[in-house]
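The exercises below are meant to be worked with the sequence and the coordinates side by side. Each task is followed by a solution that proceeds step by step.

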Amino acid sequence: MMKEKEYFRQLMADYNQIKEISEENYNAVFQKLILRRLPKNFYLKESNKPDGKSRYICEGFVGLYTPLEDRLRLDLIFGPTDTALDELSYYDSKPSELVLKTITDTVLFEFTLEAEKAVLVKNPEFHILALRIAHRINQRNCQQYAIKALKFKNGFPKLRETFEGIDQALKNQELADYFNCSISTIERLKNSQHKVKKDG
């Protein structure tokens, strides 16, 4: 298991690809980050509550879900180097019905909106980074919507490419909700893919 400073170096190396900032200036951010090691099915944000935190994922997967009568419907997936937040709620601090929950055991950094504002006031160079991170969040969300639009047969291989190991983490119901199809479609196509692999 990596230590907190190693995870921080991982975050810094990732963000330096977007906008290079000195380690000295990052120390102000490091003091405000909270490293959390969370179990599977941990609720990061419950329905009808505001989301005042952004989360940089170091390891594991987090899902954004819409509550239905009998279950939570998986809408988006966040994996390593993604920023997990409820965008409907985060920027205006208003409650939304969406739920954020870990799909697997997860290690992440939490950063409150207040901490983000304080860092931006003291370190103006982080403004550019913040804008580029927001752009990356939008880009990655668009990529996922494109994968979902391909439906399960064509979209599932791309989902596995995007999130290595996600096929082991998601239940068939979650896949059916994500790709907007029936569980029987998931089971049938999974079985046929398995058969092709076995015969090949």
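Two strands are taken as paired if DSSP finds at least two bridges between them. The model used throughout is a predicted one.

**Exercise 1. Establish how β2 is joined to β7, and then place both strands in their sheet.**

Step 1. Strand β2 and strand β7 (residues 99-102) are joined by two bridges and run antiparallel, and at least two bridges are what pairing requires.

Step 2. One bridge can be located by residue, since Y43 has K101 in β7 as its bridge partner.

Step 3. The sheet that contains these strands is open and four-stranded, with antiparallel pairing and the order β2-β7-β4-β5. Its edges are formed by β2 (43-45) and β5 (72-78), each of which pairs on one side only, and from one strand to the next the twist averages 35°.

**Exercise 2. Determine which strands are bridged to β8, and decide whether β8 is largely enclosed or open.**

Step 1. Strand β1 (residues 34-38) runs antiparallel to β8 and is joined to it by five bridges; within this pairing, L35 has F109 as its bridge partner.

Step 2. Strand β3 also runs antiparallel to β8, here with six bridges, and S54 is matched with F111.

Step 3. Six of the seven residues of β8 are buried, and β8 is therefore largely enclosed by the rest of the structure.

**Exercise 3. Describe the largest nonpolar core and say which element supplies its largest share.**

Step 1. The core has 24 residues, of which F8, L11, Y15, Y26, F109, F126 and L129 touch the most other members.

Step 2. At least two residues come from each of α1 (4-16), α2 (23-30), β3 (53-59), β8 (106-112), α4 (113-122) and α5, and the largest share, five residues, is that of α1.

Step 3. For L11, once neighbours within four places in sequence are set aside, the contacts are Y26, L33, Y56 and F109. Another core, of 20 residues, lies apart from this one and includes F61, I77, I166 and L189.

**Exercise 4. Test the span of α5 against expectation, and characterise its contact with α6.**

Step 1. At 1.5 Å a residue, the 24 residues of α5 should span 34 Å, and because the end C-alpha atoms are 34 Å apart, the expectation is met.

Step 2. Buried residues of α5 are F126, L129, I133, R136, I137, N141, Q144, I147 and K148.

Step 3. The axes of α5 (residues 126-149) and α6 (residues 151-162) come within 7 Å and cross at roughly 145°. The contact brings I147, K148 and A149 of α5 against K151, G155, K158, L159 and T162 of α6, and by class it comprises three nonpolar, two polar and three charged residues.

Step 4. Just after α5, K151 adopts a positive phi of about 70°.

**Exercise 5. Locate L85, and decide whether L85 is buried or exposed.**

Step 1. L85 sits in the loop between β6 (83-84) and α3 (87-90).

Step 2. Its relative accessibility is 4%, and L85 therefore counts as buried, the cut-off being under 20%.

Step 3. Not counting residues up to four places away in sequence, L85 touches D51, K53, S54, R55, L64, F78, Y90 and L100.

Step 4. As a distance check, the C-alpha atoms of L85 and L129 are separated by 17 Å, with their positions 44 residues apart along the chain.

Technical notes. Residues are numbered from 1 along each chain as its sequence is written. This is a predicted model: local features need pLDDT of at least 70, side-chain atom pairs count only at pLDDT 80 or more; totals for chains, interfaces and linings use all residues. Side-chain values use heavy atoms; hydrogens and water are left out. Buried means under 20% relative accessible area, exposed over 50%, partly exposed in between (1.4 Å probe, protein chains only). Contact means heavy atoms within 4.5 Å. Axes are lines fitted to C-alpha atoms, for helices over the stretch in contact, and angles run from 0 to 180 degrees between N-to-C directions. Ala, Val, Leu, Ile, Met, Phe, Trp, Tyr, Cys and Pro count as nonpolar, Asp, Glu, Lys and Arg as charged, and the others, Gly among them, as polar. A nonpolar core is a set of buried Ala, Val, Leu, Ile, Met, Phe, Trp, Tyr and Cys residues joined through side-chain atoms within 4.5 Å. The expected span of a helix is 1.5 Å times one less than its number of residues.
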